[in-house]
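Please work through the following exercises with the model in view. Each one sets a task and then develops the solution step by step.

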Amino acid sequence: MSDTFLYTSPLDPRAKPLIDELIHEYDSRYGTYFNAEGAAAELNRYPPEAFAPPYGNFLLLIRNGETIGGGAFKHYDERTAEFKRIWTRSDLRRQGLARKVLVELEIQAARQGYTRIYLTTGFRQPEAVGLYLNDGYTALFDTLADPEIYKSLPFEKDISHLAEPALDDVAAEPRLRVAGANH
């Protein structure tokens, strides 16, 4: 069993399990709370190009040919990447896969010149809140307050320590990487 990161696009057919399960997950937790059209409207809020180099990226975590996780980032500001769509297959949770995805996204964002990460999660996703807090993200809200008052819970993390020497061509980076391999 080997896990591999594949840098691709939300339009890649291998991304369908990620998109489908995110829609199901968000709809089951929030219904039409955020949007009358449900989670599909949120997931379609950004065009696929928003998650393409040189300003963004989209990755899938593949195991034995199956998509088991993934995530993406897009341009937020000159130094900040905004993480979106961090997901692991529901039957494989509690195995550290989301953290693997998170770390890989951080490293790739640094490769693409970002020094800060910004992300949000919903107030009904305590597992995500725990992941981000345990991985060094700073909550930009009062963690002792009822999270529903905020609806969307923002976090940030400085990743300037991950900066590498400037690359001539970020797009030339390997598109396939063994998960957990040295970067």
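**Exercise 1: Two backbone angles**

Lys-151 lies in the loop between strand 6 (138-139) and strand 7 (152-158). Helices (H or I, at least four residues) and strands (E, at least two) are DSSP runs, numbered from the N terminus. The model is predicted, so local features need pLDDT of at least 70 and side-chain atom pairs pLDDT 80 or more, whereas totals for chains, interfaces and linings use all residues. Residues are numbered from 1 along each chain as its sequence is written, and side-chain values use heavy atoms, without hydrogens or water.

*Task.* State what sign phi has at Lys-151, and which loop holds Arg-94.

*Solution.* Step one: phi of Lys-151 is near 65°, a positive value in a residue that is not glycine. Step two: Arg-94 belongs to the loop between strand 4 and helix 3, and its phi is also positive, at about 70°, although Arg-94 is not a glycine. Step three concerns accessibility, where buried means under 20% relative accessible area, exposed over 50%, and partly exposed in between (1.4 Å probe, protein chains only). Lys-151, at 40%, therefore counts as partly exposed, while Arg-94 is exposed with 83%.

**Exercise 2: The overall plan**

*Task.* Determine how many helices and strands the protein has, and where its cis peptide bond between two prolines is found.

*Solution.* Begin with the count: there are four helices and eight strands. Read from the N terminus, their order is β-α-α-β-β-β-α-β-α-β-β-β. The protein comprises 183 residues, of which 47% count as buried. Turn next to the peptide bond from Pro-53 to Pro-54, which is cis with omega near 10°. Pro-54 sits in the loop between helix 2 and strand 2 (57-63).

**Exercise 3: Strand 4 and its partners**

*Task.* Explain why strand 4 is described as largely enclosed, and identify which strands pair with strand 4.

*Solution.* First, nine of the nine residues of strand 4 are buried, and the strand is therefore largely enclosed by the rest of the structure. Second, consider pairing, which requires at least two DSSP bridges between two strands. Strand 3 (residues 66-77) pairs with strand 4 in the antiparallel sense over seven bridges. Within this pairing, Lys-74 has Glu-82 in strand 4 as its bridge partner. Two residues separate strand 3 and strand 4, which form a hairpin. Third, strand 4 and strand 5 run parallel and are joined by four bridges. Here Ala-81 stands opposite Ile-117 in strand 5.

**Exercise 4: Three buried helix residues**

*Task.* For Val-101, Glu-21 and Val-129, find which helix holds each residue and which residues each one touches.

*Solution.* Contact means heavy atoms within 4.5 Å. The contact lists below leave aside neighbours within four places in sequence.

1. Val-101 lies in helix 3 and, at 0% relative accessibility, counts as buried. Its contacts are Phe-5, Leu-59, Leu-61, Gly-69, Gly-70, Gly-71 and Ile-86. The C-alpha atoms of Val-101 and Trp-87, 14 residues apart in sequence, are 8.2 Å apart in space.
2. Glu-21 is placed in helix 1 and is buried, with a relative accessible area of 17%. Glu-21 touches Trp-87, Thr-88, Arg-89, Ser-90 and Arg-93.
3. Val-129 is placed in helix 4 and counts as buried at 16%. Its contacts are Thr-121, Leu-153 and Phe-155. Between Val-129 and Leu-153, 24 residues apart along the chain, the C-alpha separation is 8.2 Å.

As a closing step, consider contacts in the protein with a separation of 6 or more: residues 24 or more positions apart account for 67% of them.

**Exercise 5: The pockets**

*Task.* Establish which element supplies the largest share of the lining of the largest pocket, and which residues line the second largest pocket.

*Solution.* A pocket is an open set of points on a 1 Å grid over the protein atoms alone, where a 1.4 Å probe fits, with protein on both sides within 12 Å along at least five of seven lines; lining residues have an atom within 4 Å of a point. Points are joined across faces, edges and corners, and a volume is the space filled by probe spheres set on them.

The largest pocket holds about 1,200 Å³ of space. Among its 43 lining residues, Tyr-26, Ile-86, Thr-121, Gln-125 and Ala-128 lie nearest its centre. Strand 4 gives the largest share of this lining, seven residues. Elements that each supply at least two lining residues include helix 1 (16-30), helix 3 (97-111) and strand 5 (116-122).

The second largest pocket has a volume of about 160 Å³. Pro-10, Leu-11, Ile-19, Leu-43, Asn-44, Tyr-46, Pro-47, Pro-48, Phe-51, Phe-58 and Arg-85 form its lining.
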